[in-house]
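Reader: I'm new to reading protein models. Could you walk me through this one by letting me ask questions as I go?

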Amino acid sequence: MNELIEILVWPVTVIIVVVILRQPLGKLVQTTKKLKYKDLEVSFRESIQKIQAEAQEVSLDAPPPERKLESIEIDLYELASISPTAAVVEAWKSIETAAKALIQAKGHRLNYDVSTPYKLIQDTLDQQDLMDERHCKIFNDLRLLRNKIVHAEGYTFTEDQAKQYLDLSIRLRNYLNDLSDNVETSD
């Protein structure tokens, strides 16, 4: 009987500690900017800084300060204050739409009903030379970061971090739209 009690002491103790610390642990998880799960370590801040450096290298410049934000952009920034994850998802959708428009403008017809449509888009942009290698890298990095944000359970980030993602996604979307516009005007 004593052996059974000794065996049950540790699990019961752990459960009691978790119940007592449930609220403080919940707050800690909500403010986490880094998640480590097995061998996957996600750091939003480092990923964004890396993508920002890549964007500067390829002159994927921020819009001029006098440029008025489009209503969709205003909506995304407002959404970031309510739900950073939703803002990132919607920002990615705008990149996806612009990339598909470029692919179509270049005369490619793709079936996007595949298990990895974003990878198909990226491969098409790269393999068909619709974008240079460095811009494809930024596309890929934003895609991977979006996937981590959406699929990593318990992964959270701040409104400011979401807005940094939005800045980069808007710049890439504008670049893709410019490429599409140049195809249409040159035809």
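Reader: Where is aspartate 129 found?
Author: This is a predicted model, so treat its details that way. Aspartate 129 comes after helix 6. Its place is the loop between helix 6 and helix 7.

Reader: Is aspartate 129 buried or exposed?
Author: To count as exposed, a residue needs over 50% relative accessible area. Aspartate 129 has 64%, so the label is exposed.

Reader: What is the phi of aspartate 129?
Author: Most residues other than glycine have a negative phi. Aspartate 129 isn't a glycine, yet its phi is positive. The value is near 55°.

Reader: How do helix 6 and helix 7 run, roughly parallel or roughly antiparallel?
Author: The axes of helix 6 and helix 7 come within 10 Å and cross at roughly 175°. Angles over 145 degrees count as roughly antiparallel. Helix 6 and helix 7 are therefore roughly antiparallel.

Reader: Which residues in helix 7 meet helix 6?
Author: Start from the helix 6 side, where Tyr118, Lys119, Ile121, Gln122, Leu125 and Asp126 take part. Their partners in helix 7 are Cys136, Phe139, Asn140, Arg143, Arg146 and Asn147.

Reader: Where on helix 6 do its buried residues sit?
Author: The buried residues of helix 6 are Tyr118, Ile121, Gln122, Thr124 and Leu125. Looking down the axis of helix 6, you'd find them within an arc of 160°, so they line one face of the helix. As a general rule, an α-helix has 3.6 residues a turn, so residues three or four places apart point the same way. For helix 6, then, the place is one face of the helix.

Reader: What covers those buried residues of helix 6?
Author: Helix 7 is part of the cover, which fits with the residues of helix 6 and helix 7 that meet. The cover also includes helix 5.

Reader: Which residues does glutamate 96 touch, not counting those up to four places away in sequence?
Author: Glutamate 96 has its place in helix 5. At 13% relative accessibility, glutamate 96 counts as buried, because the limit is under 20%. Leaving out residues up to four places away, glutamate 96 touches Tyr118 and Ile121.

Reader: Lysine 93 is in helix 5 too. How far apart in space are lysine 93 and serine 169?
Author: Lysine 93 is partly exposed, with a relative accessible area of 40%. Along the sequence, lysine 93 and serine 169 are 76 residues apart. In space, C-alpha to C-alpha, they are 9.6 Å apart.

Reader: Which residues is leucine 176 in contact with, aside from its neighbours within four places?
Author: Leucine 176 sits in helix 8, and its relative accessible area is 0%, so it's buried. Leucine 176 and histidine 135 are 41 residues apart in sequence but 9.5 Å apart in space, C-alpha to C-alpha. The contacts asked for are Ile95, Ala98, Ala99, Leu102 and Met131.

Reader: Which residues touch the most other members of the largest nonpolar core?
Author: This core has 37 residues. Helix 3, helix 4, helix 5, helix 6, helix 7 and helix 8 each supply at least two of them. The residues that touch the most other members are Leu125, Met131, Phe139, Leu142, Tyr165, Leu172 and Leu176.

Reader: What does alanine 80 touch, leaving out residues up to four places away in sequence?
Author: Alanine 80 is in helix 4, and it's buried, with a relative accessible area of 0%. Its C-alpha atom is 8.7 Å from that of leucine 166, though the two are 86 residues apart along the chain. Alanine 80 touches Ala87, Glu159, Ala162, Lys163 and Leu166.

Reader: How far apart in space are serine 83 and alanine 162?
Author: Serine 83 is in the loop between helix 4 and helix 5, and at 25% relative accessibility it counts as partly exposed. Serine 83 and alanine 162 are 79 residues apart in sequence. C-alpha to C-alpha, the separation in space is 8.9 Å.

Reader: Let's zoom out. In what order do the elements of the protein chain run?
Author: The protein chain has eight helices and two strands. Read from the N terminus on, the order is α-α-β-β-α-α-α-α-α-α.

Technical notes:
Residues numbered from 1 in each chain as written. Predicted model: local features only at pLDDT ≥ 70, side-chain atom pairs only at ≥ 80, totals over all residues. Heavy atoms only, no water. Core = buried A, V, L, I, M, F, W, Y, C linked by side-chain atoms within 4.5 Å. Buried < 20%, exposed > 50% of the residue type's maximum accessible area, 1.4 Å probe, protein only. Helix = DSSP H or I, 4+ residues; strand = E, 2+ residues; numbered from the N terminus. Arc of directions from axis to C-beta. Contact = heavy atoms within 4.5 Å. Axes fitted to C-alpha atoms, helices over the stretch in contact; angles between N-to-C directions. Parallel < 35°, antiparallel > 145°, perpendicular 65-115°, else oblique.
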